[in-house]
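Open the model in your viewer and get ready to make a few selections. We will go from stop to stop, with a short look at what each one holds.

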Amino acid sequence: MQFRSNKSGVFGGFLNFFFFLKGFLLNARRFLPLVLQMSNYKLFLLRHGEGAWNKENRFCSWVDQKLSENGVKEAQECGKLLKEQGVQFDVVFTSILSRSVQTAWLVLEAMAQEWVPVVKDWRLNERHYGSLIGLNRAEMAAQHGEEQVKLWRRSYDITPPPIDESHPYFLEIYNDRRYTTCDVPKGNLPRAESLKEVLERLMPYWNNTIVPEIRKGRTVLISAHGNSCRALLKHLEAISDQDIANLTLPTGVPVLVELDKSLKPVKPRQLLGDQDKIRAAIKKVEDQGKAKPSA
């Protein structure tokens, strides 16, 4: 009888182990896709710190502006935040506009990573706002209506009226020596752009220059502009032409995008920092295109 009891106990233990293994394999099957989608690469996007014309609520675009005092502070705080989180960059990409480059320098300085290479290219420039350059957004909203200004600012495929030689900032832009360094003749540079056109001029640089660095396993920072970052997020996250109008990026707030081997996001983008402050900063940007209440 004792022998049968031991045999029964061994058999029962085997059954318990069998059911445990079965359950484990079933759960593993359920969670395997999540495991396979673990992040392979980390990409950081950053809209430059506040510029002088951001502060004045004017369309800045390709006019070269330095950071405001608050913009310098935003870039420095961004660098401190990233340093606290242990981020280590291998390469930084910027536009050829000073506010983008200056932001990158300040971020790296705050992280004690000044030695990290910074690569500049016009294809990361802000969207070209054409004849709207220099105009005040709130005044434009009062004159043309908030919906029209929102279309000019946030829509995907609507191009504002082009800049011409009579525009007060035409010569300042097109006589600037930096535009002789572009990979296209100066005469072929845009005179106005929709967000769609920003994405079209950005993609060759993304595919041929930035992607190879990411695939090497390097941690990349793109210090650029609101619309060049929005265009890239539209591509990475497959955001619809309609929904992209609702994507707002505040100045000086780093955005973390974690990518799989196919460079597809494995989780929603993360805006890093104090979330209450970020929400307030987003609202501030969105309110820029609203007419000021009359006194």
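Start by selecting Asn 57: this residue is buried, with a relative accessible area of 12%. Keep in mind as you look around that the model is predicted. Asn 57 sits in the loop between helix 2 and helix 3 (69-84). Check its backbone too: phi of Asn 57 is near 60°, a positive value in a residue other than glycine. Most residues other than glycine have a negative phi.

Stay in that part of the chain and pick Ser 61, which is found in the loop between helix 2 and helix 3. Ser 61 has a positive phi of about 60°, although it is not a glycine. Is Ser 61 buried or exposed? With 2% relative accessibility, Ser 61 counts as buried, because the cut-off for buried is under 20%.

Next, select His 48 and Glu 126 together. The UniProt record, an unreviewed entry, places the feature "active site" at these two residues. They are spread over 79 residues of sequence, yet they cluster in space, with a largest C-alpha distance of 10.3 Å. If you display the largest cavity, you will find that its lining includes both His 48 and Glu 126.

Now zoom in on His 48, in the loop between strand 1 (41-47) and helix 2 (52-55). His 48 is buried, at a relative accessible area of 2%. Leaving aside residues up to four places away in sequence, its contacts include Asn 54, Arg 99, Ser 100, His 225 and Thr 251.

Move on to Ser 194, in the loop between helix 7 (170-174) and helix 8. What is the relative accessible area of Ser 194? The value is 2%, and Ser 194 is buried. Show its neighbours: beyond residues up to four places away in sequence, Ser 194 touches Arg 127, Tyr 156, Asp 157, Ile 158 and Thr 159. Add Pro 160 as well; Ser 194 and Pro 160 are 34 residues apart in sequence, and their C-alpha atoms are 7.1 Å apart in space.

For the last stop, select helix 8 (residues 195-215) and helix 9 (residues 226-237), whose axes come within 9 Å and cross at roughly 75°. That crossing makes helix 8 roughly perpendicular to helix 9. Show side chains where they meet: the helix 8 residues include Leu 195, Leu 199 and Trp 206, and those of helix 9 include Arg 230, Leu 232 and His 235. Colour the contact by class and you get nine nonpolar, three polar and one charged residues.

Technical notes:
Residues are numbered from 1 along each chain as its sequence is written. This is a predicted model: local features need pLDDT of at least 70, side-chain atom pairs count only at pLDDT 80 or more; totals for chains, interfaces and linings use all residues. Side-chain values use heavy atoms; hydrogens and water are left out. Axes are lines fitted to C-alpha atoms, for helices over the stretch in contact, and angles run from 0 to 180 degrees between N-to-C directions. Helices (H or I, at least four residues) and strands (E, at least two) are DSSP runs, numbered from the N terminus. Angles under 35 degrees count as roughly parallel, over 145 as roughly antiparallel, 65 to 115 as roughly perpendicular and the rest as oblique. Contact means heavy atoms within 4.5 Å. Ala, Val, Leu, Ile, Met, Phe, Trp, Tyr, Cys and Pro count as nonpolar, Asp, Glu, Lys and Arg as charged, and the others, Gly among them, as polar. Buried means under 20% relative accessible area, exposed over 50%, partly exposed in between (1.4 Å probe, protein chains only). UniProt positions are given in the numbering used here, feature names are shortened, and annotations may be inferred rather than shown by experiment. On a 1 Å grid over the protein atoms alone, a cavity is a set of points where a 1.4 Å probe fits but cannot get out, and a pocket is an open set with protein on both sides within 12 Å along at least five of seven lines; lining residues have an atom within 4 Å of a point.
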